Amino acid sequence: MNIADILSKFNITERVLECFPTGNGHINSTFLAKTDTKKSYILQKINSNVFKNVDQLMNNIFLVTGYLRSNGFETLEIIKTKDDKNYFQDENDYYRLFVYVDNTICCEGVTNLEQVFNAGKAFGLLHKSLKGFDASKLDEVIPNFHNTKKRYNDLLDAIKNDCSNRVKDSKEEIDNLMKYEKDYSVVVNALANKEISLAVTHNDPKINNVLFDKTSGEIRAVIDLDTVMPGSYLYDFGDALRSLFTGEYEDSKDLSKIGVDYQIFKMYTLGYLSEMKDVLNDKEISLLAFSSFLLTVESAIRFLTDYLNGDVYFKTDYSEHNLIRARTQIKLANEIYETSLN
Ligand SMILES: Nc1ncnc2c1ncn2[C@@H]1O[C@H](COP(=O)(O)OP(=O)(O)O)[C@@H](O)[C@H]1O
Ligand SMILES: [Mg+2]
């Protein structure tokens, strides 16, 4: 099906003049559709290899964006299909249409600390504005996404099965991850015991998912809501720091490029707490630094598990790719643990 036919399934009155690829997303295929009016649209082909239940995913986005908009926050706006669905499905693929959030910029990387503060503030604001939304209404589109204990058990299974005969090359990494075993249950248990809140979490808290106003530089909207799910505030906080500390070096063999940057830690935390200080409870506050360790070590567990399973989940370019990624994350996790948590 061609793009014009796909667009014709959605409920828009404007005439689309051109539609071309845009953005630097790694998951979905994104197109900007310009029309004969000032309004433009974002058409996305949803990656259904990653997301198995598009119906649930789109319903989550529909609920969260509806809540945000009714509380006065700018957010993604779903354009329904002519038969009133949140997405259109042809023989092979799923498509959705959003209003293009006009006059915004999207930072692909961090060049200064003000951006780090603003990223923290943006995700803090998202959490705060969804505080009154009942997170249990959302489906878990990727079940147990940040259940670190379960992720660790998956690693133990992969070690036991050793289906690619790679355990022999990863002894050091396995030992390193086994050493933290007791830490893997901390957040999962705190959630189960209701010591910390069940909250709406974004689960991909990268700065390129924040749109800033082109003119004023102010935060406009957090986008890429595919993985909004019930979880803990700590998941987004920890994962955002993990991704900021890792930067572009997730695949680097030079481990000296990866490490804790205290300025980044401080600025992200200040930005986040500028919105969230009255929302978080004492337990959550006491676990903020720990969460950056936990989400980093969890990412190491996932890469190593995939390496041992024969690279079935993450895309790899060479046979040791997942092992290299696991090493960068282990290096970072060790450094956070030794410098910030002892
Ligand atoms: N509604 C929107 N308004 C403006 N830009 C958008 C919008 N949706 C997506 N984009 C742009 O497209 C990029 C990729 O979209 P995103 O939803 O983050 O996909 P992915 O899941 O592939 O990362 C974003 O980083 C942003 O630059
Ligand atoms: Mg994105």
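What follows walks through a metal site, two helix packings and two unusual backbone spots in a predicted model.

The magnesium ion (ligand 2) is a handy place to start. Its protein donors are Asn-209, through OD1, and Asp-224, through OD, and they lie 2.2 to 2.3 Å from the ion. Asn-209 belongs to the loop between strand S8 (199-201) and strand S9 (210-213), while Asp-224 belongs to the loop between strand S10 (219-222) and strand S11 (229-231), so the pair ties together parts that are 15 residues apart in sequence. The two donors also fall into separate burial classes. Asn-209 has a relative accessibility of 5% and counts as buried, because the cut-off for that label is anything under 20%. Asp-224, at 23%, counts as partly exposed.

Another acidic residue touches both of these donors. Asp-204 sits in the loop between S8 and S9, and its contacts, leaving aside neighbours within four places in sequence, are Phe-123, Asn-209, Asp-224 and Thr-227. With a relative accessibility of 16%, Asp-204 counts as buried. There is a longer-range pairing here as well: the C-alpha atom of Asp-204 is separated by 7.8 Å from that of Ala-240, a residue 36 places away along the chain.

Turning to the helices, H10 (residues 288-308) packs against H5 (residues 171-178) and also meets H4 (residues 148-161), as described below. For H4, the axis comes within 9 Å of that of H10, and the two cross at roughly 25°. That makes H4 roughly parallel to H10, since the label covers angles under 35 degrees. The crossing is left-handed. On the H4 side, the residues involved are Thr-148, Arg-151, Tyr-152, Asp-154, Leu-155, Ala-158 and Ile-159, and they meet Leu-294, Glu-298, Ile-301, Arg-302, Leu-304, Thr-305 and Leu-308 of H10. Sorted by class, this contact is made up of 8 nonpolar, 2 polar and 4 charged residues.

The packing of H5 on H10 has its own geometry. Here the angle is about 140° and the axes are 11 Å apart. H5 and H10 are therefore oblique to each other, because an angle has to be over 145 degrees to count as roughly antiparallel. This crossing, too, is left-handed. H5 contributes Glu-173, Ile-174 and Leu-177, which meet Val-297, Ala-300, Ile-301, Leu-304 and Leu-308 of H10. The class tally for this contact is 7 nonpolar residues, no polar ones and 1 charged one. Some H10 residues turn up in both packings: Ile-301, Leu-304 and Leu-308 meet residues of H4 as well as residues of H5.

Finally, a couple of loop residues have backbone angles worth a look. Asp-84 is not a glycine, yet its phi is positive, at about 65°. Asp-84 is found in the loop between strand S4 (78-79) and strand S5 (88-89). Its relative accessibility is 56%, so Asp-84 counts as exposed. Lys-194 also has a positive phi, near 60°, and again the residue is something other than glycine. Lys-194 lies in the loop between helix H6 (186-192) and S8. With a relative accessible area of 73%, Lys-194 is exposed.

Note on methods. Residues numbered from 1 in each chain as written. Chains lettered and ligands numbered in written order. Predicted model: local features only at pLDDT ≥ 70, side-chain atom pairs only at ≥ 80, totals over all residues. Heavy atoms only, no water. Axes fitted to C-alpha atoms, helices over the stretch in contact; angles between N-to-C directions. Helix = DSSP H or I, 4+ residues; strand = E, 2+ residues; numbered from the N terminus. Parallel < 35°, antiparallel > 145°, perpendicular 65-115°, else oblique. Left-handed = near helix turned anticlockwise from the far one by under 90°. Contact = heavy atoms within 4.5 Å. Nonpolar A, V, L, I, M, F, W, Y, C, P; charged D, E, K, R; others polar. Donors = N, O, S within 2.8 Å, 3.2 Å for Na, K, Ca; no water. Buried < 20%, exposed > 50% of the residue type's maximum accessible area, 1.4 Å probe, protein only.
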